[in-house]
Amino acid sequence: MCGIVGYIGERDIKKFLLEGLKELEYRGYDSAGIAILQEGKLLIFKAVGKLENLIQKAKDLKTEGFGVGIGHTRWATHGKPTELNAHPQMGEFSYVVHNGIIENFKEIKSFLKEKQFLSQTDTEVIVHLFEKNLEELGNPKEAFKRTVKTLKGAYAILLITKADPNSIYFAKKGSPLIVGRDKDEVFFSSSDSPLIGYAKEVYYLEDGEWGVASKGKIEIFEGSKRVEREFKPLTINKELAQKGGYRFFMEKEIYEQSDVIIDTMMGRVKEDRIELEELDKEFLEGVENIKICACGTSYNAGLTGAYLIEKLAKIPANAEIASEFRYKEPVLLNNTLFIVISQSGETADTLEALKMAKSEGLKTLAICNVDNSSIVRLADRTILTRAGIEKGVASTKAFTTQVMVLWMLALYLAQENLKKELKENELKAMTKTPLALKVSTSLHERIKRLSKRYLHGHGFFFIGRDIFYPLALEGALKLKEISYLHAEGYPAGEMKHGPIALADPELFTIALMPKNLLYEKIKSNVEELSARDSTICAISPVEFELADDFIKVNNATHYMLEYYEMAVVMQLLAMEIAIRLGNDVDMPRNLAKSVTVE
Ligand code: F6R
C-alpha cells in the first residue's frame with residue numbers, strides 16, 4: 001500500500017527521499033510528502049496526486065550538509081486523499097510517517113482531548129501521543145517506547161522530532177520496514193528498491209521491534225530489551241525488488257492476499273461483532289432488498305455477496321452485470337440498497353449503473369479499492385477494500401478483499417438477529433482467512449507440476465454450487481484471461497441441462513468440492529461427468545476417487561475458508577498454465593486494467 005523512506009546523513013536528503021518515493025510509485029498512492037530536519041529547522045512539503053506535484057513544490061529547497069528526513073506516499077484508508085491527510089503528519093515539534101492502520105486511534109484521540117487534530121487520519125494520533133508522552137517523561141526514547149506500546153493494529157513508523165533533531169525513531173508491526181546502512185549513513189524504506197545503490201547492508205525489522213537511529217548508530221529494541229541484529233548485504237536488483245522477488249506482479253499479488261486481507265478486516269472485525277464506520281442505522285433504514293452491480297471479477301465477487309447476504313442477513317439480494325443492467329430498463333425500487341463493486345472505481349458500465357440508481361433516488365454504496373475514484377465520489381457511502389494497488393491485469397487480491405467486504409457486510413446486516421453461536425462462528429472463520437489465503441510451497445509446487453497436463457484440450461468447465469458457483473466463474477475467468485484457453489464457469493447442477501453433451505476426455509472439469517457446503521450434491525454432479533469420461537481435476541479437502549487429478553485443500557470448518565483456499569488454487573493454476581504457454585501473465589493480450597469505455 002503506502003511507501004516509506006527515511007535518511008540520516010550528509011548526502012542530498014531531498015534527492016534521496018524523492019528518488020526513493022519514485023521507486024515506490026509502482027505500489028500506488030494518491031498523495032505524498034517529505035519532512036526534513038536540518039540545522040534545527042523543520043521543513044515539510046506535501047502534495048496530492050502525482051509525485052511530480054511534490055517535486056514541483058519542493059523545487060527551491062536546497063538540502064546540503066547533515067540532516068534527517070522522512071518521506072511517504074499515501075494510499076488513502078482513513079480520510080480522503082487531501083494535503084492535510086497526506087503524511088508526514090505533524091505535532092507541535094515532531095513529524096511522523098506511517099504505513100498500516102492504527103486500530104485504536106479513536107480511543108487514543110479521545111484520550112488526547114487537549115491536542116488539536118488537523119487531519120482525518122489514524123496516523124496523526126501517533127505524533128500527538130509521542131509529544132504528550134515526552135512532556136510527561138522528558139526523554140524521547142522513553143516517550144517513543146511508550147507510544148509504540150499503546151498502538152494497536154499494524155504499523156511501520158518513522159518519526160523525527162526537534163527534541164532529538166539528529167535521530168529517526170522507528171517501529172514495525174505488521175507492515176514492512178527495512179533499515180539499511182553504509183558507514184555513517186542510515187537509510188529506511190518499506191521495500192528494497194529505494195535502498196538499492198545506497199545501503200550496503202540491510203536488516204528487515206521484525207514485528208514488535210522498534211528503535212532509534214542517528215549518525216553511524218542504530219539501536220534496536222524488543223520491548224525494553226536492546227537487541228543486536230545481523231545486517232545482510234543488499235544484493236537484489238531493482239526489477240526483482242519491485243516484484244518482491246516474484247516472477248510476475250500477479251504472483252506477488254496472489255501471495256500478498258494473506259496480508260492484505262488483514263488490512264481489509266482491520267478495525268472492522270471485532271471480537272463480538274462487525275463494525276463498519278462507513279454505515280449507520282439511519283442510512284440502512286427502510287432498506288428491504290439489495291441489488292449488486294459490477295463487471296468481470298467484481299461481478300463474481302458481487303454474486304458471492306448476494307448469496308452471503310441472503311444466507312446470513314435474510315435480505316433478498318441479487319447481482320447483475322453492469323453492462324446488462326444499464327440497458328434492460330430495470331425496475332428500481334426505492335427500498336433497494338444499490339451496491340456497486342469496482343477495483344478501479346472507474347469502470348464505465350459500473351459508473352453508469354450507479355448514476356442510474358442515484359437518479360432514481362436509491363441509496364448507494366460502493367465497494368472499491370481506489371479512494372477518490374469516480375465511483376467513490378459519486379456513491380453515498382463507500383467501503384474501501386484496502387487491497388493496495390493491483391498491477392496484474394488479472395485481478396486477484398482485489399477479488400478476495402471484495403468478497404471479504406461483502407462477507408463482513410452480510411454479517412453486519414445480520415448481526416442483530418443472528419444467534420450468538422452463529423455469529424461467533426462467522427467471526428472466528430473470518431479471523432482464520434489470512435491462513436486460508438497463505439500459499440504453501442508444497443501446494444504451489446504441486447499446482448506447477450499439474451499444470452503441464454492442462455495445456456490443450458477443447459475446453460475447461462469450472463463447476464461449483466452456491467457460492468462456489470461464482471467462484472467457479474472467477475476460476476474460469478482467470479484461466480481464459482491469461483492462458484487464452486476456453487473456459488466456462490457453470491453451476492454444477494446445471495451441467496446435465498446441456499453442457500454435459502461436451503463431456504469427453506479432452507474436456508477438463510475443474511470441480512470445486514467443499515466439504516462444508518452441499519458436498520453430496522456436487523459429488524453426484526461430478527460423478528455424472530466422470531461417467532461420461534470427462535477429465536476431472538477435483539479441488540477438495542475430501543479424497544475423491546473418480547478424479548483424474550486431485551488438489552487437496554485443508555480440512556476447514558467453514559465453507560468460506562474453503563472458498564478462499566480454492567480461490568488461491570485456481571489463481572495459481574491459471575498462472576502456471578499461462579506461464580507454461582509462454583504468455584505475458586501481467587499484461588495479457590487485448591485486456592486493460594481499467595475499462596473506462598463502454
Ligand atoms: C478480471 C478483471 C476484470 C475486472 C473488470 C471490472 O481479472 O480484472 O474482469 O474485474 O474489468 O473492473 P473494476 O473492478 O475495476 O470495476
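Colleague: What makes the span of helix α9 (residues 296–313) close to the one expected?

Modeller: Happy to explain! The expected span is 1.5 Å times one less than the number of residues. With 18 residues, α9 reaches 25 Å from its first C-alpha to its last, against an expected 26 Å. Bear in mind that this is a predicted model, where local features need pLDDT of at least 70 and side-chain atom pairs count only at pLDDT 80 or more. Residues are numbered from 1 along each chain, and side-chain values use heavy atoms, leaving out hydrogens and water.

Colleague: Why are α9 and helix α13 (residues 397–414) called roughly parallel?

Modeller: Their axes, lines fitted to C-alpha atoms over the stretch in contact, cross at roughly 20° and come within 9 Å. Angles under 35 degrees count as roughly parallel, so α9 and α13 earn that description. Contacts between them (heavy atoms within 4.5 Å) involve residues including Leu 308 and Leu 312 in α9, and Leu 406 and Ala 410 in α13.

Colleague: Nice. Why is Glu 219 called buried?

Modeller: Buried means under 20% relative accessible area, exposed over 50%, and partly exposed in between, using a 1.4 Å probe and protein chains only. Glu 219 has 12%, so it is buried. This residue sits in strand β13 (residues 217–222).

Colleague: What makes the pairing of the Glu 219 and Lys 141 side chains a polar contact?

Modeller: The term needs a pair of N or O atoms within 3.5 Å, with one able to donate a hydrogen and the other to accept it. Here the side chains are joined at 3.1 Å.

Notes: Helices (H or I, at least four residues) and strands (E, at least two) are DSSP runs, numbered from the N terminus. Axes are lines fitted to C-alpha atoms, for helices over the stretch in contact, and angles run from 0 to 180 degrees between N-to-C directions. Angles under 35 degrees count as roughly parallel, over 145 as roughly antiparallel, 65 to 115 as roughly perpendicular and the rest as oblique.
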